Amino acid sequence: MTRKYRVGILGATGMVGQRFMQLLENHPQFEVTAVAASDRSQGKNYGDACTWRLGGEMPSAIRSLKVQAPAPPLDCDLVFSSLPGDIARETESSFASAGYPVISNSSAFRMDEDVPLLIPEVNHDHLGLLEKQRQRYPSGGYIVTNPNCSTIGLVIALAPLQNAFGVEAAIATTLQAVSGAGYPGVASLDILDNVLPYIGGEEEKIETETTKILGSLADGTIKSAPMKVSAQCHRVNVADGHLVAARVKLTRKAGIEDLRNALRTYRSLPQELGLHSAPQHPIVVRDEPDRPQPKYDRDAGAGMSVTIGRLLPDAVLDYRFVSLSHNTIRGAAGAAILNAELLIAKGYLK
Ligand SMILES: NC(=O)c1ccc[n+]([C@@H]2O[C@H](COP(=O)([O-])OP(=O)(O)OC[C@H]3O[C@@H](n4cnc5c(N)ncnc54)[C@H](OP(=O)(O)O)[C@@H]3O)[C@@H](O)[C@H]2O)c1
């Protein structure tokens, strides 16, 4: 039997931390051996510190793990981080300095020049940036990040279009679930019977992350994709699942069936390698006029597929569509786990 990598979860008691626990239960390559959270939780057993807010039971194997401070050393080979952005930078850096691979969900390092902002299907070659990180972390530690939870649903839709036709511009309007704000997140009186047209920092994240991920790596540097991206973000009264209504302008002319085909047949390295968390179909195309819907489509491909519908010609740009992704699975914990599976397959995790 191959050995399992021992993982620590930073921010283990939060919305994303709990997803990690759920997705890592019975994972063939990882076992959770350390958990860390705020001083509110430290010193308690995970089972006492964490109020389980997902369906099903808290995995029994982690109940008795003692919650520690998020500081090295922890008893693990790598850490997954789901810490709040404001403390993630210092904490994640301290783990990388101490020699740990850090697979992070937080925004702290996403735009750093030497940090891969990774979607394994889209830009696995950006792992080449890790060579550059050796200068920053001579200990052998490093940081790999996954995108913002709305960016990922947009970029997975744009990637096959960019490959086949080129994308000159994309306009994205999001409708984002409340779980995206963590727990307890938005006050119920603010979100019931309401839509919030502001999510701090989110529009800038989508606009900058998209061009980095779709950019190209040459001479140890990412050259951002030469496309214009414009985003408007809204928080809506949905538990899980972020919708993005998108319009795209293509570089080369293409028929709608060409687009449908490019989306439907999109496959990439994670599918070829058969990575454990890779969905068979990264993109599911729905032809019904009223799909995708968060309630029915967020769990496609065990939460790792992006569902695209409403693909139509657009009178202002070339085409429009609606993309849906599960924000705490494909947009967070599942994304980070898939990144770690790719790191193993590529020999970056020893
Ligand atoms: N929710 C999503 O859909 C989503 C998607 C992508 C990325 N993210 C990112 O993932 C991170 C976590 O999000 P979340 O939704 O899981 O938030 P959350 O539910 O608020 O959980 C935050 C976690 O961080 C811990 N924490 C808070 N302050 C801390 C401190 N000072 N020191 C150590 N630990 C601390 C909390 O521990 P206690 O329980 O002890 O307070 C909890 O475990 C954020 O950076 C967020 O932007 C979230």
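Before I start, one term: a strand here is a DSSP run of E with at least two residues, numbered from the N terminus. Keep that in mind, since what we are looking at is a predicted model, and R310, a residue I will come back to, has its place in strand β13, residues 306-313.

Let me begin with the sheet. Six strands make up an open sheet, and reading across it the order is β3-β2-β1-β4-β5-β6, with parallel pairing. At the edges sit β3, residues 67-68, and β6, residues 142-145, each of which pairs on one side only. In general, the strands of a sheet pair through backbone hydrogen bonds, either parallel or antiparallel. If you follow β5, residues 101-104, you will find that β5 pairs with β6 in the parallel sense over four bridges, and that S104 has T145 in β6 as its bridge partner.

Now please look at helix α1, residues 15-24, which lies across β1 (5-10), β2 (30-36) and β4 (78-81), and which runs at about 160° to β1.

Helix α1 also brings us to the largest pocket, which holds about 1,100 Å³ of space. The lining of this pocket consists of 44 residues, and the closest to the pocket centre are V16, S82, L83, P84 and G182. Two or more lining residues come from each of α1, α3 (85-97), α8 (202-213) and α12 (329-345). Which classes of residue line the largest pocket? The lining has 22 polar, 15 nonpolar and seven charged residues.

I would like to finish with the backbone, where a general point helps: most residues other than glycine have a negative phi, and most peptide bonds are trans. With that in mind, the peptide bond from P72 to P73 is cis, with omega near 0°, and P73 is placed in the loop between β3 and β4. A cis peptide bond also joins R291 and P292, with omega at about 10°, and P292 belongs to the loop between β12 (283-285) and α11 (294-297).

As for phi, D193 is not a glycine and yet has a positive phi of about 60°, and this residue is found in the loop between α7 (188-191) and α8. Is D193 buried or exposed? Because its relative accessibility is 78%, D193 counts as exposed. R310, the residue in strand β13, likewise has a positive phi, of about 55°, although R310 is not a glycine. Its relative accessibility is 37%, so R310 counts as partly exposed, the class between the cut-offs of 20% and 50%.

Note on methods: Residues are numbered from 1 along each chain as its sequence is written. This is a predicted model: local features need pLDDT of at least 70, side-chain atom pairs count only at pLDDT 80 or more; totals for chains, interfaces and linings use all residues. Side-chain values use heavy atoms; hydrogens and water are left out. Two strands pair if DSSP finds at least two bridges between them. Contact means heavy atoms within 4.5 Å. Axes are lines fitted to C-alpha atoms, for helices over the stretch in contact, and angles run from 0 to 180 degrees between N-to-C directions. On a 1 Å grid over the protein atoms alone, a cavity is a set of points where a 1.4 Å probe fits but cannot get out, and a pocket is an open set with protein on both sides within 12 Å along at least five of seven lines; lining residues have an atom within 4 Å of a point. Grid points are joined across faces, edges and corners, and a volume is the space filled by probe spheres set on the points. Ala, Val, Leu, Ile, Met, Phe, Trp, Tyr, Cys and Pro count as nonpolar, Asp, Glu, Lys and Arg as charged, and the others, Gly among them, as polar. Buried means under 20% relative accessible area, exposed over 50%, partly exposed in between (1.4 Å probe, protein chains only).
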